[in-house]
Amino acid sequence: MVEDATKRLSGYVKVYLDEEIREEGEVRELDAFERFMEVAAISDWEMLNYSNIAADCGVSAKTVKSYFQILYDTLIGFEIPAFRKEIKRKVVQAPRFYYFDVGLANYLMGRHSLKRGTDDYGHAFEHFVMQEIIAYKGYNGKRDIISYWHTYDRKEVDAIIGDAKVAIEIKSTEHVETKHKKGLKEEHPDCRLILVSLDPITRQSGDTELVYVLDFLKMLWNGEIF
């Protein structure tokens, strides 16, 4: 099963490179672009640092920016901007990058199996939920901007809907604790706070909705999130 999926993804990447990139003349050095795709997978869900990625790829930061734009233009990846409304804390302004499908990111990183509780599993879990949020927005023609919020003292919210109508934090934990519920509340007291996790009991905890991931997906696609 895993072997079949790997073969299909390998074929997909080959067709993409041959037909979308080579034949369309998008880049001059296909090997550099292919290496870039792998490095971009490592940067998946993280805040983008073009200089670091350029160093890993052996190209300029300007070239890396153009490569990311190709991924966006060909719908292979999407960018989540930082939430820019003025708030009290100093926040990170760099965008985050995600491939359009977590399976593609896993393939490019060589992740063929994921174990719960590991960092890789947590990253893939966040990617999957973000992928669903973006898909729901696109399929339903929602105009809300999806952004994220991250302060220099490491407080963050993975997905902010619109002008902080809804703030969604994503954790792969099976047991939600108080430390998982940090967020935007003091800057935006009217913001709806949702923590999506693998904790199987959906419930209210203070001002935060703790939502099991499968319940969240039902709520999302039923239009109950935004």
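Reader: Let's start with Asp 18: which residue does Asp 18 form a salt bridge with, and how far apart are the closest N and O atoms?

Author: The general idea comes first: side chains of opposite charge can pair when their charged atoms come close. In this predicted model, the partner of Asp 18 is Lys 14, with 2.9 Å between the closest N and O atoms.

Reader: And how many residues apart are Asp 18 and Lys 14 in helix H1?

Author: Four, so about one helical turn separates Asp 18 from Lys 14 in helix H1. Lys 14 itself counts as exposed, because its relative accessibility is 53% and the cut-off for exposed is over 50%.

Reader: Which other side chain meets Asp 18 in a salt bridge?

Author: Arg 22 does, at 3.2 Å from N to O. The spacing is again four residues, about one turn of the helix, with both Arg 22 and Asp 18 in helix H1. Arg 22 has a relative accessibility of 52%, so it counts as exposed too.

Reader: Now the pair Glu 156 and Arg 96: where in the chain do these two residues lie?

Author: Their side chains meet in a salt bridge, 3.0 Å from N to O. This one links distant parts of the chain: Glu 156 belongs to strand E4 (residues 156-161) and Arg 96 to strand E2 (residues 96-99), 60 residues apart.

Reader: Are Glu 156 and Arg 96 buried or exposed?

Author: Buried, both of them. They also belong to one network, in which salt bridges with shared partners join Arg 96, Glu 126, Glu 156 and Asp 158. For the whole structure, a search finds twelve salt bridges.

Reader: What about charges on the outside: which residues form the negative surface patch?

Author: A patch like this takes residues without a salt bridge, joining like charges within 9 Å. Here the members are Glu 19, Glu 20, Glu 23, Glu 24, Glu 26 and Asp 73. Take Glu 26: it sits in the loop between helix H1 (2-22) and helix H2 (30-42). With a relative accessible area of 38%, Glu 26 is partly exposed, so it passes the patch cut-off of over 30%.

Reader: Zooming out, how many helices and strands does the chain have?

Author: Seven helices and eight strands. The radius of gyration is 18 Å, close to the 17 Å from the globule rule for 226 residues, so the chain is as compact as a globular protein of that length. The C-alpha trace spans about 55 × 45 × 35 Å along its principal axes.

Reader: Last one: what percentage of the 226 residues count as buried?

Author: That comes to 47%.

Key:
Residues numbered from 1 in each chain as written. Predicted model: local features only at pLDDT ≥ 70, side-chain atom pairs only at ≥ 80, totals over all residues. Heavy atoms only, no water. Patch = residues over 30% accessible without salt bridge, like charges linked within 9 Å, V, L, I, M, F, W, Y side chains within 5 Å. Areas by Shrake-Rupley, 256 points an atom, 1.4 Å probe, with all protein chains shown as cover. Salt bridge = Lys/Arg side-chain N within 4 Å of Asp/Glu carboxyl O. Lys, Arg positive; Asp, Glu negative; His and termini not counted. Charge placed at Lys NZ, Arg CZ, Asp CG, Glu CD. Buried < 20%, exposed > 50% of the residue type's maximum accessible area, 1.4 Å probe, protein only. Rg over C-alpha atoms; globule rule 2.2 N^0.38 Å.
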